[in-house]
Amino acid sequence: MQVYNAYYDKLVWSDSVLTRLSKRIVWYFAASLFLLINFCNLIYYDQHYWPWTLTPLRVVGLSFGFILITIAGIWLLRLLWPHLTGHWEPWVLGLALALRVGWVLVARTPPVQDYLSLHQASVAFAQGVANFATSNRYLANYPYMLGFVLYQGSVIKLFGNSLLLLQLLNSLFSVMTIYFVGKISRQLYGERAQILALLMMTVYVPNVVATSVLTNDILAVMFFMAAIWLLIARPLTWRTGLVIGLLMFLGNFIRPLATIILLAMTLYAVLIALPTHRHKYRYLLGLISLLLTFGVATVGSNVAVQAAKLTPQSIVTTNTAWKLAVGLNSKTDGKWNEADYAVVAAGKTAAERTKLSQKLLKQRLAQPEKLPGLMAKKFAIMWADIDTMTSWGTKQTRIPAIIVDALCISQRAMYVILTALVSLTLLKRPRGAANLIMILLIGYILIHLGIEIQTRYRYFAMPLMVILASGAPALWPVNWSDK
């Protein structure tokens, strides 16, 4: 028994070394990335989103103003921090729902462009149109959007073609996401951090404005945040792994983001959580259950929709070559553009479109000297520019331009404060499951150096940032005593 205990102690010590090293690497990466984001926040401004000409003097003035706003915001949060209690939770969630419902009723945002195509396909499905998936050009090119179309189509089939109902459901799902974000923050940093996270998510402009847009982000992110909360808050057994796997499948069925989340979960489990876990085999079985459940559900749904003749195409393939080809276009700063789309859309089948995407990608990779500069510019745009979700939420509405400008500037101010709070949290190495949040953010940030960028794609990253930011008052300069 003594020999066994000595061997076990040595094994745990060795595992602890691996865990400490992994945590340190994750911490350095996250701190460095957010240092760069904060720097870009003060130097990068896109003239397109500002109501006045950005002269050098005005840029300096804006940067100085944002620094003052950040200092004032953090000071106010520090004053508010001691008064935050769990009793606030229902009131803040109620405020969150009221803001979103109010926005939906006032904005009455009609679906446009991609969202209009998806809504049209949803209506066609609800009406029993047999070829709804192939006759819709957008859905034919992006078959992985079928899950969202089936969701919207089912609501329309049951309750009628009401944009307002879909938008009100968005409001509910958004509040549920806020609820899970608060639970994660509480698990990591305590009750006060939970309320702070709820408040930040409640008032963050793009989070409110998005509810009137028929985007798949809202429902998908709700499932993903529920899965992350369950992984953090509950012991990972085969049962919890099964539930988390199903939640991940549901989120991915609506919007295919699960690959990067599952990779982050696996890295966190294997390199950080598992080595020092008391019941290693039980934890490992839970991880296997999670991945297996997700895989079986994903393959099963893909077979089912094709067997039901809803679509002849696989809904699993996302044409990664296309995303990379667009993302590495130095002429358009890695943004979606009509020229690239026209080249790839000329393919009549998914296989042809994949070949055309690969050809386009090879052309971009043939000029490696352009890639470093492109990636630096993409980083600044993606993580420091104004969130275009505000623009999408106000398209073809009667909202005055001055209100739209005010929303955009408010969003930028909130974002600058938020990223500064994340950096304050990262001044002291976060512990435990905060490493999972950092790994997720690192992966999401790095992958957008290669693939297509739009600032509205920050929708998934923002809850993760809020979770980390919510711990700043507890860590700076106070220690962990109030957890």
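Is Leu118 buried or exposed? The exercises below treat this and related points in a predicted model.

**Exercise 1. Classify Leu118 and locate it in the chain.**

Solution.
Step 1. Leu118 lies in helix 4, which covers residues 113-126.
Step 2. The relative accessible area of Leu118 is 4%.
Step 3. Buried means under 20% relative accessible area; Leu118 is therefore buried.
Step 4. Between Leu118 and Ala133 the separation is 15 residues in sequence, while their C-alpha atoms are 9.9 Å apart in space.

**Exercise 2. Describe how helix 7 and helix 8 pack.**

Solution.
Step 1. Two packed helices are described by the angle between their axes and the distance between the axes.
Step 2. For helix 7 (residues 146-159) and helix 8 (residues 163-189), the angle is about 125° and the axes are 11 Å apart.
Step 3. Because of this angle, helix 7 is oblique to helix 8.
Step 4. The crossing of helix 7 with helix 8 is right-handed.

**Exercise 3. Determine which residues form the nonpolar surface patch, and which helix gives the largest share.**

Solution.
Step 1. The patch consists of Leu18, Leu263, Leu267, Val270 and Leu271, and its area is about 380 Å².
Step 2. Helix 13 (residues 258-273) contributes four residues, the largest share.
Step 3. Leu267 is placed in helix 13.
Step 4. The relative accessibility of Leu267 is 38%, so Leu267 counts as partly exposed.

**Exercise 4. State how many salt bridges the structure holds, and examine the pair Glu452 and Lys323.**

Solution.
Step 1. There are six salt bridges in the structure.
Step 2. One of them joins Glu452 to Lys323, with the closest N and O atoms 3.1 Å apart.
Step 3. This pair links distant parts of the chain, for the two residues are 129 residues apart. Glu452 is in the loop between helix 21 (434-447) and helix 22 (461-469), whereas Lys323 is in helix 15 (residues 320-327).
Step 4. With a relative accessible area of 4%, Glu452 is buried.

**Exercise 5. Compare the exposure of the two partners in the salt bridge of Asp333 and Lys377.**

Solution.
Step 1. The side chains of Asp333 and Lys377 form a salt bridge with an N to O distance of 3.3 Å.
Step 2. The partners come from distant parts of the chain, 44 residues apart: Asp333 from the loop between helix 15 and helix 16 (338-345), Lys377 from helix 18 (residues 371-384).
Step 3. Asp333 has a relative accessible area of 19% and is therefore buried.
Step 4. Lys377 has a relative accessibility of 38% and therefore counts as partly exposed.

**Exercise 6. Examine the salt bridge of Arg364 and Asp340.**

Solution.
Step 1. The side chains of Arg364 and Asp340 meet at 2.9 Å, N to O.
Step 2. Arg364 belongs to helix 17 (residues 350-365) and Asp340 to helix 16; the pair links distant parts of the chain, 24 residues apart.
Step 3. Arg364 counts as buried because its relative accessibility is 14%.
Step 4. Asp340, at 4% relative accessibility, also counts as buried.

**Exercise 7. Explain what is notable about phi in Arg108 and Asp333.**

Solution.
Step 1. Most residues other than glycine have a negative phi.
Step 2. Arg108 has a positive phi, near 50°. Asp333 has a positive phi as well, near 60°.
Step 3. Arg108 is in the loop between helix 3 (89-107) and helix 4, and Asp333 is in the loop between helix 15 and helix 16.
Step 4. Arg108 is exposed, with a relative accessible area of 57%, whereas Asp333 is buried, at 19%.

Methods:
Residues numbered from 1 in each chain as written. Predicted model: local features only at pLDDT ≥ 70, side-chain atom pairs only at ≥ 80, totals over all residues. Heavy atoms only, no water. Patch = residues over 30% accessible without salt bridge, like charges linked within 9 Å, V, L, I, M, F, W, Y side chains within 5 Å. Areas by Shrake-Rupley, 256 points an atom, 1.4 Å probe, with all protein chains shown as cover. Salt bridge = Lys/Arg side-chain N within 4 Å of Asp/Glu carboxyl O. Buried < 20%, exposed > 50% of the residue type's maximum accessible area, 1.4 Å probe, protein only. Axes fitted to C-alpha atoms, helices over the stretch in contact; angles between N-to-C directions. Parallel < 35°, antiparallel > 145°, perpendicular 65-115°, else oblique. Left-handed = near helix turned anticlockwise from the far one by under 90°.
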